[in-house]
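Thanks for making time this morning. I would like to walk you through one chain, starting from a single side chain and working outwards, so please have the sequence and the model open as I speak.

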Amino acid sequence: KIRERTKSSSRHKKHKTGNLTMAASDDSIKTDEILTHQPLAADSAVSANPHIPSVSASAVLGESESMPDDHPICIGHDFQTSDNSIDSIMSSMLQTGFQATNVGKAIEEIRRMRKWRLSDVPWKEGDDEALKDPSVRKNIRARIFFAYTSNQISCGQREVIHFLARHKMVDVIVTTAGGIEEDIIKCFEHTYMGDFKLSGKELRKKGINRIGNLLVPNKNYCKFEDWMAPLISKLHDEQDARWLEQARELASRNESSTDDDMPEMMTPFSITPSKFIARLGKEIDNEQSVLYWANKNDIPVFCPALTDGSIGDMLYFHSYKRPGFVLDIARDIRGINDLAVQSYASGQIILGGGLVKHHTCNANLMRNGADYSVYINTGHEFDGSDGGASPDEAISWGKIRINADPVKVCADATIVFPLIVSQTFAKDVEEWNESVRECVCWLPADTA
């Protein structure tokens, strides 16, 4: 019976181990490498007990496999023995299990993307000669893409994002139309706390809009329109003035002139969504604004769906009063893709899914994938949505590099991202600013 049980169990173990190896591969754990086969001893109390059916003993109390002595154990925060500071609690996340462990992994991934320098990668024959000098390599860091959906600005996460922009902790921002306009609106009026269960019908009668358990009165958008409408007209004036200037220059050219003679100012002029957004940050001139600091610190903000919100409403109304204002989205796709391509290493931190997630990942596809990636969202992949797609799916598209170790945290970003920031970006503000003072993400063409 013991021999039969052992054979049966061995067959079962082989099948089970195969599945475990596949399932665990996402976390870079090879089950067949860490488990050691140790059969149940023939003289054990279980095997020797004649009152226990062999089939039951095999199913319930069968052979076990041991873990290596140095393998991480699951152990959470002990409030009895620790100082219970946020640092102490967060340090236990990695070995707590479930999404707490993924939070811990996200912290480690962000630390890696911030720490990376080209000097970590040995120069080899065939590489760019301009990158051979160790003093040059140590001052080239990873470019960090940061993306978030509009609800992250609608809620108190705005202050966390504001911190990152103010201290220039990220290099590229991608967001939605709501992520742009809600930041400006909050410079005029407050967003208020509400409840998920408030009646939409009653709120509509009162002119109050609900975003989850937040409330935004209609007057907030009215003030935004009062500020925005004249600015659109002003930008329209600047556009037409540049076009007229270019037309006059073109008309004054000699017939013998060639395209090579065309001055720089004759490059077709248009306003891109990112330049439009930078102008908003400049014009709002309010230090509480994320866009204010993004503009001040030369952090480009890309929004490929800028018209999908209140700004779109303003542009729609403006088009009836004065047609002809143009936003050039083609130049922006060139802009964000070039920033990805012109990176010796790249990292991406993406809060939420949908457009911002895909736009950021797709830009990194242009360089054969991001080196470091952290997703934070509640999407699931069973419906095939991009928002719920796992990092492993992105690897299949080339949006994340094959040798990367990406992390997805399945949780509400308003809960976990401030905690992650507390252990990464907020830990070393002065040290970070000093360490990157001489750093670049890409050598200019005249240098390389």
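Let me begin with Asp-332, which at 7% relative accessibility counts as buried, where buried means under 20% relative accessible area, exposed means over 50%, and partly exposed is what lies in between, with a 1.4 Å probe and protein chains only. Before going further I should say that this is a predicted model, in which local features need pLDDT of at least 70 and side-chain atom pairs count only at pLDDT 80 or more, while totals for chains, interfaces and linings use all residues. Residues are numbered from 1 along each chain as its sequence is written, and side-chain values use heavy atoms, with hydrogens and water left out.

Asp-332 is found in helix H16, residues 329-341; helices (H or I, at least four residues) and strands (E, at least two) are DSSP runs, numbered from the N terminus. Which residues does Asp-332 touch, leaving aside its neighbours within four places in sequence? With contact taken as heavy atoms within 4.5 Å, Asp-332 is in contact with Thr-272, Pro-273, Ser-274 and Phe-302. Pro-304 lies 28 residues from Asp-332 in sequence, and the two C-alpha atoms are 7.9 Å apart in space.

Phe-302 leads us into a sheet, since in strand S8 Phe-302 is the bridge partner of Val-174. Two bridges join strand S4 to S8 (residues 301-302), and these strands run parallel; two strands pair if DSSP finds at least two bridges between them. On its other pairing, S4 is joined by four bridges to strand S3 (residues 143-148), again running parallel, and the bridge partner of Phe-146 in S4 is Ile-173. Within S4 itself (residues 172-175), Val-172 and Val-174 point one way and Ile-173 and Thr-175 the other way, and all are buried.

Taken as a whole, this is an open sheet of six strands in the order S8-S4-S3-S9-S10-S11, with parallel pairing. S8 and strand S11 (407-410) stand at the edges, each with a single partner strand, so one side of each is left without a neighbour in the sheet. Helix H17 (residues 354-365) lies across S3, S4, strand S9 (346-351) and strand S10 (372-377), and runs at about 170° to S9, where axes are lines fitted to C-alpha atoms, for helices over the stretch in contact, and angles run from 0 to 180 degrees between N-to-C directions.

There is also an open sheet of three strands, in the order S5-S7-S6, with antiparallel pairing. Its edge strands are S5 (192-193) and S6 (208-211), each of which pairs on one side only. Two bridges join S5 to strand S7 (residues 214-217), and Leu-215 in S7 is the bridge partner of Tyr-192. Helix H12 (residues 218-252) lies across S6 and S7, at about 50° to S7.

Now to the aromatic side chains, where rings of Phe, Tyr and Trp (its six-membered ring) pair if their centres lie within 6.5 Å, and planes under 30 degrees apart count as stacked, over 60 as edge-to-face and the rest as tilted. By this rule the count comes to seven aromatic pairs. The rings of Tyr-292 and Trp-293 have centres 5.1 Å apart and planes at 90°, so this pair is edge-to-face, and both Tyr-292 and Trp-293 are buried. For Tyr-316 and Phe-317 the centres are 5.7 Å apart and the planes at 55°, so the pair is tilted. Tyr-316, at 48% relative accessibility, counts as partly exposed, and Phe-317, at 42%, counts as partly exposed too. Phe-146, which we met in the six-stranded sheet, forms one aromatic cluster with Tyr-148 and Phe-417.

To close, a few totals for the protein chain. Its secondary structure comes to 20 helices and eleven strands, and of its 448 residues 42% count as buried. Of the contacts with a separation of 6 or more, 74% are accounted for by residues 24 or more positions apart.
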